[in-house]
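Subject: Structure handover

Hi,

Here is the structure I promised to pass on. Have a look at it first, then read on for what turned up.

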Amino acid sequence: MKDRKLLNVELDRVDAREYRELPPSGVVVVLDNVRSAHNVGSAFRSSDAFKIDKVYLCGITAAPPSAEIHKSALGAEDSVPWEHCADTLETVRRLRADGYTVLSVEQTENSVKLQEFQPAAGGRYALVFGNEVDGVQQEVVDESDAALEIPQFGTKHSLNVSVSVGIVLWQVTKCQWHRG
């Protein structure tokens, strides 16, 4: 098979200003005490790819400007709006009050398998991703409307948070495309 790779100039991507002028997706990402700036940068890059409205960097989560974030974000920290918040629980409560359905990405007793999740048309969702060791704080899970779980079939019990962000954002975006 001969299939020429496209050049970046052929991809017809928007610039950072145009990105901010696109219609909102209704989805925001909340990072709950994510320790690695590289994981934060990766979350920004995935958020940009799937046109996420905003990233909330909570607790000890690193914030731009940061060389480590920039290394994996490749500038997505300049296109995706973000806010640093001292406390994840307060942020989640504020988002719920603003009409978001809060979904912690976590393994819980009653978690919804990701492939079974169907976002409501016009719904607004705050997706909470947790710390690399401890996951989403229990008090944040308790405050959430539901938990989403990525099915896994191997011996490990978790995925890297940056991988989880990409998987979940793809699935949520895919569901939105199929509705429209």
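Let me start with a question: which residues does leucine 127 touch, not counting residues up to four places away in sequence? Before the answer, please keep in mind that this is a predicted model.

The contacts of leucine 127 are Val27, Val28, Val29, Val30, Leu103, Leu148, Val168, Leu169 and Val172. Leucine 127 sits in strand S6 (residues 125-129), which pairs with strand S1 (residues 27-32) in the parallel sense over 5 bridges. Across that pairing, leucine 127 stands opposite valine 29.

Now the sheet as a whole. It is an open one, built from 7 strands with parallel pairing, and the order is S3-S2-S1-S6-S4-S7-S5. The edges are taken by S3 and strand S5 (112-113); each has a single partner strand, so one side of each has no neighbour in the sheet.

Two helices that lie across it are worth a look in your viewer. Helix H2 (residues 37-49) lies across S1, strand S2 (54-58) and S3, and runs at about 165° to S2. H5 lies across S1, S2, S3, strand S4 (101-105) and S6, and its angle to S2 is about 150°.

On to the packing. In soluble globular proteins, nonpolar side chains tend to be buried together. Here the largest nonpolar core has 30 residues, and Leu31, Phe44, Leu127, Phe129 and Val168 are those with the most contacts inside it. Two or more residues come from each of S1, H2, S2, helix H3 (67-73), S4, S6 and helix H7 (161-179). Of these, H7 gives the most, with 5 residues. There is also a second, separate core of 15 residues, with Tyr56, Leu95, Val128 and Val140 among them.

Then the charged side chains. How many salt bridges does the count come to? The count is 10, and three of the pairs are described below.

- Arginine 17 with glutamate 21: the closest N and O atoms are 3.2 Å apart. Both residues lie in helix H1 (residues 16-21), 4 residues apart, which is about one turn of the helix. Glutamate 21 is exposed, because its relative accessible area is 56% and the cut-off for exposed is over 50%.

- Arginine 94 with glutamate 83: here the closest N and O atoms are 3.0 Å apart. Arginine 94 belongs to helix H5 (residues 88-97) and glutamate 83 to strand S3 (residues 82-85), so this pair ties together parts that are 11 residues apart in sequence. Arginine 94 counts as partly exposed at 35% relative accessibility, and glutamate 83 is partly exposed too, with a relative accessible area of 22%.

- Aspartate 145 with arginine 96: these side chains meet in a salt bridge at 3.0 Å, N to O. Aspartate 145 is in the loop between helix H6 (138-143) and strand S7 (146-149), while arginine 96 is in helix H5, so the pair ties together parts that are 49 residues apart in sequence. Aspartate 145 has a relative accessible area of 39% and is partly exposed; arginine 96, at 35%, is also partly exposed.

The aspartate 145 and arginine 96 pair has company: Arg93, Arg96, Glu143 and Asp145 are linked in a network of salt bridges.

Over to you.

Cheers

Notes. Residues are numbered from 1 along each chain as its sequence is written. This is a predicted model: local features need pLDDT of at least 70, side-chain atom pairs count only at pLDDT 80 or more; totals for chains, interfaces and linings use all residues. Side-chain values use heavy atoms; hydrogens and water are left out. A salt bridge is a side-chain nitrogen of Lys or Arg within 4 Å of a carboxyl oxygen of Asp or Glu. Buried means under 20% relative accessible area, exposed over 50%, partly exposed in between (1.4 Å probe, protein chains only). Two strands pair if DSSP finds at least two bridges between them. Contact means heavy atoms within 4.5 Å. Axes are lines fitted to C-alpha atoms, for helices over the stretch in contact, and angles run from 0 to 180 degrees between N-to-C directions. A nonpolar core is a set of buried Ala, Val, Leu, Ile, Met, Phe, Trp, Tyr and Cys residues joined through side-chain atoms within 4.5 Å.
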